[in-house]
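User: I'm new to this structure and would love a guided close look at one part of it. Could you take me through it in a friendly way?

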Amino acid sequence: MTENKYTNKLINEKSPYLLQHAHNPVDWYPWGPEAFGRAAGEDKPIFLSIGYSTCHWCHVMEHESFEDEEVAHLLNKHFICIKVDREERPDIDSIYMSVCQSLTGHGGWPLTVFLTPDRHPFFAGTYYPKGDSSGMMGLLSLLRAVQQAWQDKRETLLDSAREILAYQKTEKDSAGGELTEAVIHDAFSHLKYSFDSMYGGFGRSPKFPTPHNLLFLLRYWYNNKEPYALEIVEKTLESMKNGGIYDHIGFGFSRYSTDKKWLVPHFEKMLYDNALLALAYGETYSATGKTQYSETAVQILDYILRDMTSPEGGFYSAEDADSEGVEGKFYVWSAEEVTEVLGAPAAQEYCKLYDISPRGNFEGMNIPNLIETEQIPEDKRAFVEDCRQKLFAHREKRIHPHKDDKILTSWNGLMMAAMAYCGRILNQGKYISAARKCADFILAKLVRYDGRLLARYRDREAAFNAYLEDYAFLVWGLLELYEATHDAQYLGQALKLNGNMLELFSDTAGAGLFLYGHDSEKLITRPKESYDGAIPSGNSAAVMNLLRLARLTGRHELEDRAKEILDFFSNDIEAAPTGHSYMLCAYLYSISGNASEVVIVGNKSSEMVKTYDSHYNPFSVSISNITPELVSLIPYVSEYGEQDGKTAAYVCRNFACSAPVTDIAALSELMSSP
């Protein structure tokens, strides 16, 4: 086993992706001057591997190739090998993933890139098996081909690298026009025609939850009174909850389904998926009043509190798909094992409900699901819960999947938002308390002495200048926490961080926000991202935050800034509207005649606030608990007061305010009427 002088450096980086593989035969270097200097000094190309700690195919390539002596010999002899955790360095990942997508038409992890010593890419791909297989070039063949080309045709490779870099640096056309409402209807049409009416979701397989598509459809339904938009949301949420993508024993959602029925998941569980899905289920409960959605939201959040929350209050990043080297082993069951746990009579009934049989539904084993059952009969619910608890207790004795215990500011912002929002609409204080604890942790541990937000915390160490999505998602979480508590400190922090975000990520020559700050490491390009992929883009979340802050504070310059970003990306949005679904949520907010600002004033405001919270209005913001601290942030609220000694609610829409109301029935009527 080969080690080098950088091994301790790797360990001190405290990245699970690096830690897990710090002692294999490949001489991995951390991204940084040492590796680049070594590449230039030894005149070697760079082999860059980007992945993350719970990535199944990253593990496969690791075990199959990077732990293999033959592969390691080639890599160590002819390349400088760098490994990057994409979750700690989304800036590096974004740049080289864009290269991969440009060169191959697709992307994914592990991301495999060959670079010149000055970090310019000339070849990119994803997973490679060790040997050639089924017409696919293996890693051994690829390494030999690249090494030979570097030796004999280096100028050709360098020319390719220059062309790729020039293409990546091509300025985005900033002459986007003003968005029109037509793009909203285009997005709905695209989603409607790709909707799978039998199994829910969009397209065939694999199927990803993409909760921000559902958040857009909820807003389209609300704003345009289009019932089919809500039908799509409900069918998709019901189908996902019934499928194997949902953990019916321990709760929480896996990352995606490999089939159209949502039966067989890619078993890893990501914090961001569960945060956004809790928001989607919570909002759908708020819109429909159907408790099946609130129950799912509660189960997701209970899973996070049980398994994914640090003692300090931060939320961990992910749980692996694999345990004992086998994907899904922790989650699947044999019919015999279920019978051993539950006893024959109960097992027979439970297995019938959850599609568990001796034959199995997944590689001879069983993924519990309700695809055929659809809904547990009311008289069976207590029985099912009793069985679930017994199976859960038994499953806890198994070897658990690896937990990625990094605490990422960005994903914590999303979970903070989910906890605060669901706690507010469900009147569940424990979730609001969890959001508070997370906010206090992030603001204490992930803000540097000079006020600079940082991106990652692990083993008592905070590191990496925060990226755009860290700022945007944290502000999102703080805004939800403010509305859940009406504690002015959270609004104050949101305003402060939003101001810092605009200073750090703005383009002095145009609109749109950069992925990384002007004080961060200068990479080969500085991208601006608008595309809403597995999670909303930083720009999309920033636009929504700017609008909400503008409506809360009356600072119209923030709304102007939001409109500038929307217009800057208008060409991209119009070209791929469903790829910008959260950006379109913000755009809908900006143009909706149903948007409102509600100020509740008085010593007995709690009932009024509960009434406000009981109505679904995705385009409203609320202000209450008027304190000197709040007045310092929002001076105009000092003009609002009680009416004849009674708590009063002021509802404003379209730049005009209704007469204040002093009873909950009148407020309810105002919130219910367009």
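User: Which strands does helix H4 lie across, and at about what angle does H4 run to E2? Please start there and then show me what else can be seen.

Analyst: Happy to! Please keep in mind that this is a predicted model.

Helix H4, residues 56-66, lies across E1, strand E2 (46-51), E3 and strand E4 (111-115), and H4 runs at about 140° to E2. The strands under H4 belong to an open sheet of 5 strands, in the order E1-E3-E2-E4-E5 and with mixed pairing. At the edges stand strand E1 (28-29) and strand E5 (121-125); each has a single partner strand, so one side of each is left without a neighbour in the sheet. For E1 that partner is strand E3 (residues 80-85): the two run parallel and are joined by 2 bridges. Within this pairing, Trp28 stands opposite Cys81 in E3.

From here we can move along the chain to a pair of helices. The axes of helix H7 (residues 139-152) and helix H8 (residues 154-168) come within 5 Å and cross at roughly 105°. Angles of 65 to 115 degrees count as roughly perpendicular, and H7 and H8 are therefore roughly perpendicular to each other. On the H7 side, the contact is made by Val146, Ala149, Trp150 and Asp152, while H8 brings in Arg154, Leu157 and Leu158. Sorted by class, these are 5 nonpolar and 2 charged residues, with no polar ones.

H7 has another residue worth a visit. Gln147 lies in this helix and is buried, with a relative accessible area of 17%. Leaving aside residues up to four places away in sequence, Gln147 touches His78 and Phe79.

Now for a second sheet, to set beside the one we began with. This open sheet has 4 strands in the order E19-E18-E20-E21, again with mixed pairing. Here E19 and strand E21 (656-657) are at the edges, and each has a single partner strand, so one side of each is left without a neighbour in the sheet. Strand E18 (residues 596-601) runs parallel to E19, and 4 bridges join them; in this pairing Glu597 stands opposite Val621 in E19. At the other edge, strand E20 (residues 648-653) pairs with E21 in the antiparallel sense over 2 bridges. There, Cys652 has Cys657 of E21 as its bridge partner.

In a regular strand, side chains alternate between the two faces of the sheet. Strand E19 (residues 620-623) has both faces covered, with Ser620 and Ser622 buried on one side and Val621 and Ile623 buried on the other. This sheet also has a helix lying across it: H25 (residues 606-613) lies across E18, E19 and E20, running at about 160° to E18.

Two further helices round off the tour. Helix H17 (residues 409-426) has 18 residues, which should span 26 Å at 1.5 Å a residue; its end C-alpha atoms are 25 Å apart, which agrees. Of its 18 residues, 18 are buried, so H17 is largely enclosed by the rest of the structure. Just after H17 comes Asn427, with a positive phi of about 55°.

Helix H20 (residues 488-505) also has 18 residues and reaches 26 Å from its first C-alpha to its last, close to the 26 Å expected. Among the buried residues of H20 are Ala488, Tyr490, Leu491, Ala494, Asn498, Met501 and Phe505.

Note on methods
Residues numbered from 1 in each chain as written. Predicted model: local features only at pLDDT ≥ 70, side-chain atom pairs only at ≥ 80, totals over all residues. Heavy atoms only, no water. Expected span 1.5 Å × (residues − 1). Buried < 20%, exposed > 50% of the residue type's maximum accessible area, 1.4 Å probe, protein only. Axes fitted to C-alpha atoms, helices over the stretch in contact; angles between N-to-C directions. Parallel < 35°, antiparallel > 145°, perpendicular 65-115°, else oblique. Contact = heavy atoms within 4.5 Å. Nonpolar A, V, L, I, M, F, W, Y, C, P; charged D, E, K, R; others polar. Pairing = 2+ DSSP bridges.
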